[in-house]
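Reader: I'd like a close look at one part of this protein, the sheet and whatever charged contacts sit around it. Could you walk me through that, and take in a few loops on the way?

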Amino acid sequence: MTVKAMLAKEVTEKVLNKGNLFIFDVRNVSDFEDWKIEGENFEYLNVPYFELIDGIDEVRANIPQDKEILVVCAKEGSSMMVAEMLSEAGYDVSYLKGGMKSWSEYLYQTKVYEDENISVHQFIRVGKGCLSYMVVSNGEALIVDPSRFVEEYKEAAAELGAKITHIVDSHLHADHISGGKILAEQTGANYYLMKSEGAVFDFEPLEDHDKIEFHQVKLEVLAVKTPGHTPGSVSFFVNDALLFSGDTIFVSGLGRPDLGNKVREWANDLYDTVYTKVSDIADDVFVLPGHYADFDEEMNEDGYIGDTLGNIRERNEKMFNATRDAFLDNVEKSASSVKPPNFEEIVGINRGVETADKEKMQELEIGPNRCAVHHAD
């Protein structure tokens, strides 16, 4: 049998198409339990590589002969060796090229909205739960919450015949490294961020721009003193129809307010946001968040992450229709979940007070998204 390399893009297609796949993950048990490739019709076997050095005989009974098999490890090497063992034993098998690092970094692009004035494209970082966006109007593009993979946005804009002229970050991200600054440097675009976030490099303070307008785009900046991970979070309301909600509102609930170790104080701010600014927004406004918690549950029938605010309110009634005390208690329960790993160092890089090379960035970002959490029942 021949061992084949499977790309993260191909795995993503299987996730999207709800395909069948048997994943033989040879990472340590703790790493597998913390973070794995998730698909609705995927099956799993986790046996650490060091238990397979002498061969696969002891686990063969648990590996099907009639299913497509993908061997996965952290970087690639171990999975290649195990895949070769399986191939020699007569299995048709692939390994994940680039390992879980490649899974963490792949961006899937899809169109989410189009009218006579604008088109909106969502970039889904499937292995990380991060979402970013491009809004195009008459040859210009605005990028919302870009990841560090800036070539993806440049290529996408070029394919649409657009020039990137505006870049916005909803806050200083804690789970991934922003590409906003470097993308602005490479394209000459204006880069906007709240001054209150404390970044030390040059940018356009959102405090000075309650609106950003170009061609047929009117972006209103909604300062939403809250959640996510910083008190300077904002959301972006585009053409009175789309709300890029950053880490404030998710399809599955609300952002976590505990990463600054001020959970009660910031949860109070979150309550005020939900029951003042958010309550004024119509049910038919479409929410496009900065993260998701569960890909299969939150992806809509049109193939992207997002929903109307009315549906989100109904789905999360306990958070959108509660007394202040009940709200704070519920948020406090959710805040007991595990924090994003390395979040303080990632925030330092995004603020411009720390630096990291590509390898270090990969290490810091590895693992699941822990920004979008379902609030406790």
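Author: Here's a tour that starts with the sheet, moves on to the salt bridges and ends in the loops. Keep in mind that this is a predicted model.

Let's start with the sheet. Seven strands make it up, and they line up in the order E6-E7-E8-E9-E10-E11-E12. The sheet is open, and its pairing is mixed. The edges belong to E6 and to strand E12, which covers 204-205. Each of these two has a single partner strand, so one side of each is left without a neighbour in the sheet.

Now take the E6 edge. Strand E6 spans residues 108-114 and runs antiparallel to E7, with six bridges joining the two. You can use tyrosine 108 to find your bearings, since it stands opposite isoleucine 124 in E7. E6 and E7 form a hairpin, and four residues sit between them.

Moving along the order, you come to strand E9 (residues 140-144) and its partner E10. These two run parallel and are joined by five bridges. A handy pair to click on here is glutamate 140, which stands opposite lysine 163 in E10. How many of the six residues of strand E10 are buried? Five of them are, in a strand that runs over residues 163-168, so E10 is largely enclosed by the rest of the structure.

At the other edge, strand E11 (residues 190-193) pairs with E12. Two bridges join them, and they run parallel. Leucine 193 is the residue to look for, as it stands opposite proline 205 in E12. One general point helps when you look at any of these strands: in a regular strand, side chains alternate between the two faces of the sheet.

On to the charges. The structure holds 18 salt bridges. One of them brings together the side chains of glutamate 365 and arginine 148, at 2.9 Å from N to O. This pair links distant parts of the chain, with the two positions 217 residues apart. Glutamate 365 belongs to helix H13 (residues 358-365), while arginine 148 lies in the loop between E9 and helix H5 (150-159). Are the two partners buried or exposed? Glutamate 365 has a relative accessible area of 0%, so it counts as buried. Arginine 148 has 13%, and because the cut-off for buried is under 20%, arginine 148 is buried too.

Just past that loop, helix H5 has a salt bridge of its own. Glutamate 151 and lysine 154 are both in H5, three residues apart, which is about one turn of the helix. Their closest N and O atoms are 3.1 Å apart. Glutamate 151 is partly exposed at 41% relative accessibility, and lysine 154 is partly exposed as well, at 26%.

A further salt bridge joins glutamate 220 to lysine 218, with 3.8 Å between the closest N and O atoms. Glutamate 220 is buried, at 19% relative accessible area, whereas lysine 218 counts as partly exposed at 23%. As for how salt bridges connect up, Glu105, Arg125, Arg148 and Glu365 are joined into one network by bridges that share partners.

Last, the loops. Glycine 129 is back at the sheet, in the loop between strand E7 (119-125) and strand E8 (130-137). With a relative accessible area of 4%, glycine 129 is buried. From its C-alpha to that of alanine 74 is 18 Å, and the two are 55 residues apart along the chain.

Then there's the loop between strand E3 (42-46) and strand E4 (69-72), where you'll find aspartate 57. Aspartate 57 is exposed, with 64% relative accessible area. It joins Glu51, Asp54 and Glu58 in forming a negative surface patch. Alanine 61 is also placed in the loop between E3 and E4, and at 77% relative accessibility, alanine 61 is exposed. Measuring tool at hand, try alanine 61 against aspartate 307: they are 246 residues apart in sequence, and their C-alpha atoms are 44 Å apart in space.

Key. Residues are numbered from 1 along each chain as its sequence is written. This is a predicted model: local features need pLDDT of at least 70, side-chain atom pairs count only at pLDDT 80 or more; totals for chains, interfaces and linings use all residues. Side-chain values use heavy atoms; hydrogens and water are left out. Patches are made of residues with over 30% relative accessible area and no salt bridge: like charges are joined within 9 Å, nonpolar side chains (Val, Leu, Ile, Met, Phe, Trp, Tyr) within 5 Å. Accessible areas come from the Shrake-Rupley method with a 1.4 Å probe; for residues, only the protein chains shown count as cover. A salt bridge is a side-chain nitrogen of Lys or Arg within 4 Å of a carboxyl oxygen of Asp or Glu. Lys and Arg count as positive and Asp and Glu as negative; His and the chain ends are not counted. The place of a charge is taken as NZ of Lys, CZ of Arg, CG of Asp or CD of Glu. Buried means under 20% relative accessible area, exposed over 50%, partly exposed in between (1.4 Å probe, protein chains only). Two strands pair if DSSP finds at least two bridges between them.
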